[in-house]
Amino acid sequence: MPEGPEIRRAADRISKKLVGNQIESVNIIYPPIVEYQEILGKSQVESVTTRGKAMLTRFDCGLSMYSHNQLYGRWTVNRRSTEMNWNRSLRIEFLTDKFAVRLWSATDVEIIPTSAEENHPFIAKLGPDILDDYCTPSVIYERLNSKRFRNRNAASLMLDQSFIAGLGNYLRSEILHQSGVNPSAKPRLLSDDKLQRWAEKTKTLSVLSYETAGLTVPEGVAMEGKERGEPRRSYRHSAFCRNELPCHYCGTEIVRMRVANRRLDFCPECQKTSNSD
Ligand SMILES: [Zn+2]
């Protein structure tokens, strides 16, 4: 499933084509929202933004489209002349004079009043968005230290969208590995230094991934992995999808475990203990 950085990049791409450009037509194909065809068909897109892994497409008629791609949803941006030959169901399309922006296969698509976005049941539960400027390492540190979250284990906290919105599976492995936090550690039992580092890495790795289209290691490190013949899914990370490869920091083999049926890759040496260091 795409995580916060991937969804924010998709929103940027869509926004570039739709905001400030004349939209010639909006075509709604998805039955649950087809009743909005008439009003949205006459509207322009004012902004495209994200909240965690959800996208909000705001129209100038006071309505917003909430969409969550889950596993199967895809956004595409193409020239209008490009034929899409694939086996996906079209949900909605936006046509400008040159481009077609389309959402495919998502099942979580709703039209809501822009003024009521914050009341949407999914959005209302979200914590601060990891890519928003106000979500600084010190905000994350405060949350790690808070009564509400300090007794939770690291592996579940990192996927809890009410803690921080936008983190997902690969970011979880990467953040915990690069901050040396054991997946079962609880914030309450960690040293202040370790919590600071955890908070810092939560922010910086998410921003790095957003800015580099998916890297969570410096470009040089990724290039070295590529030269060693590693596939992209491994060389772009320090731990995730590097199971059975040596840890960049200590050489120990990275180990894969499953938490609630989702992959978590970690270094048994660098992330040794669930206590303070
Ligand atoms: Zn290591």
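**Two domains and a zinc site**

User: In this predicted model, how many residue pairs are in polar contact across the interface of domain 1 and domain 2?

Analyst: Let's start where the two domains meet. A pair counts here if N or O atoms sit within 3.5 Å, with both residues at pLDDT 80 or more. Across the interface of domain 1 and domain 2, the number of such residue pairs is 5.

User: By class, how many charged residues has the side of domain 1 that touches domain 2?

Analyst: Sort that side of domain 1 by class: you get 1 nonpolar and 2 polar residues. The remaining class, charged, has 5.

User: How many salt bridges are there between domain 1 and domain 2?

Analyst: Here you'd look for a side-chain nitrogen of Lys or Arg within 4 Å of a carboxyl oxygen of Asp or Glu. Between domain 1 and domain 2, the count of salt bridges comes out at 0.

User: Which atoms coordinate the zinc ion?

Analyst: Look for donors at 2.2 to 2.4 Å from the zinc ion. Along the chain they follow the spacing C-x2-C-x16-C-x2-C. They are the SG atoms of C247, C250, C267 and C270.

User: What arrangement do the 4 donor atoms make around the zinc ion?

Analyst: Check the angles: the 4 donor atoms subtend 98 to 113 degrees. The rule asks for all angles to lie between 85 and 135 degrees. The donor angles fit, so the arrangement is tetrahedral.

Definitions and conventions: Residues numbered from 1 in each chain as written. Predicted model: local features only at pLDDT ≥ 70, side-chain atom pairs only at ≥ 80, totals over all residues. Heavy atoms only, no water. Polar contact = N/O pair within 3.5 Å; in protein donor to acceptor, adjacent residues only side chain to side chain. Nonpolar A, V, L, I, M, F, W, Y, C, P; charged D, E, K, R; others polar. Donors = N, O, S within 2.8 Å, 3.2 Å for Na, K, Ca; no water. Tetrahedral: all angles 85-135°; square planar, octahedral: opposite > 155°, others 65-115°.
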